[in-house]
Amino acid sequence: MNTNIEVGFLLFPNLTQLDLTGPAQVLSRVPNAKVHLVWKGLTPVMTDVGFSINPTTTFETCPQLDVLCVPGGFGIGEQMIDEITLSFLRKQSIGAKYITSVCNGSLILAAAGILKGHKSACHWIWSKYLPLFGVEPINQRVVKDGKFISGGGVTAGIDFAYELAAELAGEDIAKRLQLALEYDPVPPFNCGSPKKAGPALVNEVLALQKDRIVVMETVIQKAALNLGA
């Protein structure tokens with residue numbers, strides 16, 4: 001009898017590696033957890049910081065996952081309209097005990113129709129697009145909605161992982177992991193959210209992302225039409 005907790009992360013080109021590697025570091029230490037990095041093939045996949053990550057299994061060979069996790073990043077647009085990726089996520093979501101995401105990875109799950117009628121976290125730049133897919137955006141670091149658990153932007157994936165570890169193995173284990181990994185963040189600047197940063201800094205960041213947002217809005221609209229949302 002398989003006693004593993006099968007944890008699978010969708011790996012795709014131009015993802016934000018910390019969306020994946022942060023939670024993977026925590027969840028890999030949950031007792032009996034086995035982490036899978038899943039993609040269409042086994043060749044290295046380039047991340048958005050210029051180094052690659054090796055998949056450990058493919059869509060075809062991936063076991064039924066207990067935890068399905070979708071990270072985000074620059075490459076989400078392609079995945080939101082890729083029927084091969086979306087079909088894999090739909091298939092896995094049927095048997096998964098937890099369906100999860102980090103950052104704007106929630107938009108990929110939304111494009112697959114998996115999050116319709118549910119609540120989800122998302123990176124603050126992209127959360128406003130979730131309603132196009134029938135998803136309610138919640139501005140929190142971690143959002144729990146039944147078996148749907150999501151983390152906000154990038155670093156929130158670590159908070160998310162400890163919350164999920166507690167779900168999988170109990171709060172005592174999650175606390176031990178937090179201490180073992182010395183997760184005791186003290187950010188040097190108090191500007192890690194739009195509310196704390198203020199409108200001037202928010203507008204600077206949005207201006208830097210302007211071209212990307214324009215391109216992504218077109219893809220998001222296409223994905224919503226494909227879903228019939």
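These notebook entries record what I looked up in the structure, which is a predicted model.

**Entry 1. The sheet**

I began with the order of the strands. Seven strands form an open sheet, which I read as β5-β2-β1-β6-β7-β11-β10, with mixed pairing. I then asked which strands stand at the edges. They are β5 and β10 (142–145); each has a single partner strand, so one side of each is left without a neighbour in the sheet.

I followed three of the pairings. β1 and β2 are paired in the parallel sense over six bridges, and within this pairing Leu10 has Val38 of β2 as its bridge partner. β1 also pairs with β6 in the parallel sense, over three bridges; here Val7 stands opposite Val67 of β6. Further along, β7 and β11 (residues 148–151) are parallel over four bridges, and Thr100 faces Ile149 in β11.

**Entry 2. Strand β1**

I checked how far β1 is enclosed. Six of its six residues are buried, so β1 is largely enclosed by the rest of the structure. I looked at each face in turn. Ile5, Val7 and Phe9 are buried on one side, and Glu6, Gly8 and Leu10 are buried on the other, so to speak of β1 as covered on both faces is correct.

**Entry 3. Helix α1 and its surroundings**

I noted that β1, α1 and β2 make a β-α-β unit, and that the unit is right-handed. Is α1 enclosed or open? Eight of the eleven residues of α1 (residues 17–27) are buried, so the helix is largely enclosed by the rest of the structure. I listed the buried residues as Gln17, Asp19, Leu20, Gly22, Pro23, Ala24, Val26 and Leu27.

I next asked what covers the buried residues of α1. The cover includes the strands β1 (5–10), β2 (33–39), β4 (52–53) and β7 (98–102), together with the helices α5 (156–169) and α6 (171–180).

For comparison I looked at α3, which lies across β1, β2, β6 and β7 and runs at about 150° to β6.

**Entry 4. His36**

I located His36 in strand β2. Its relative accessible area is 6%; the threshold for buried is under 20%, and His36 is therefore buried. I found a polar contact of 2.5 Å between the side chains of His36 and Glu6. Residues up to four places away in sequence aside, His36 touches Glu6, Val7, Gly8, Phe9, Thr56, Thr57, Pro63 and Leu65. Glu6 thus appears in my notes as one of the buried residues of β1 and as a polar partner of His36.

**Entry 5. Ser101**

I found Ser101 in strand β7. With a relative accessible area of 2%, Ser101 is buried. Which residues is Ser101 in contact with, leaving aside neighbours within four places in sequence? I recorded Cys69, Val70, Ser106, Leu109, Ser120, Ile149, Ser150, Gly151 and Phe160.

**Entry 6. Aromatic pairs**

I counted four aromatic pairs. In one of them, Phe59 and Phe88 have ring centres 4.4 Å apart and planes at 10°, so the pair is stacked. Phe59 lies in the loop between β5 (57–58) and β6 (67–70), whereas Phe88 is in helix α3 (residues 83–95); the pair therefore ties together parts that are 29 residues apart in sequence. I noted both Phe59 and Phe88 as buried.

Tyr162 and Tyr183 form another stacked pair, at 5.3 Å centre to centre with 25° between the planes. This pair links distant parts of the chain: Tyr162 is in helix α5 and Tyr183 in the loop between α6 and α7 (194–197), 21 residues apart. Tyr162 and Tyr183 are both buried.

I also recorded a cluster in which ring pairs link Trp39, Phe59 and Phe88.

**Entry 7. Pro188**

I closed with Pro188, in the loop between α6 and α7. Is Pro188 buried or exposed? Its relative accessible area is 70%, and Pro188 is exposed. I also took the C-alpha to C-alpha distance between Pro188 and Leu168, which is 32 Å at a separation of 20 residues in sequence.

Conventions: Residues are numbered from 1 along each chain as its sequence is written. This is a predicted model: local features need pLDDT of at least 70, side-chain atom pairs count only at pLDDT 80 or more; totals for chains, interfaces and linings use all residues. Side-chain values use heavy atoms; hydrogens and water are left out. Buried means under 20% relative accessible area, exposed over 50%, partly exposed in between (1.4 Å probe, protein chains only). Helices (H or I, at least four residues) and strands (E, at least two) are DSSP runs, numbered from the N terminus. Contact means heavy atoms within 4.5 Å. Rings of Phe, Tyr and Trp (its six-membered ring) pair if their centres lie within 6.5 Å; planes under 30 degrees apart count as stacked, over 60 as edge-to-face and the rest as tilted. A polar contact is a pair of N or O atoms within 3.5 Å; within protein, one must be able to donate a hydrogen and the other to accept it, and residues adjacent in sequence count only if both atoms are side-chain atoms. Two strands pair if DSSP finds at least two bridges between them. A crossover is right-handed if, with the strands pointing away from the viewer, the path from the first strand over the helix to the second runs clockwise. Axes are lines fitted to C-alpha atoms, for helices over the stretch in contact, and angles run from 0 to 180 degrees between N-to-C directions.
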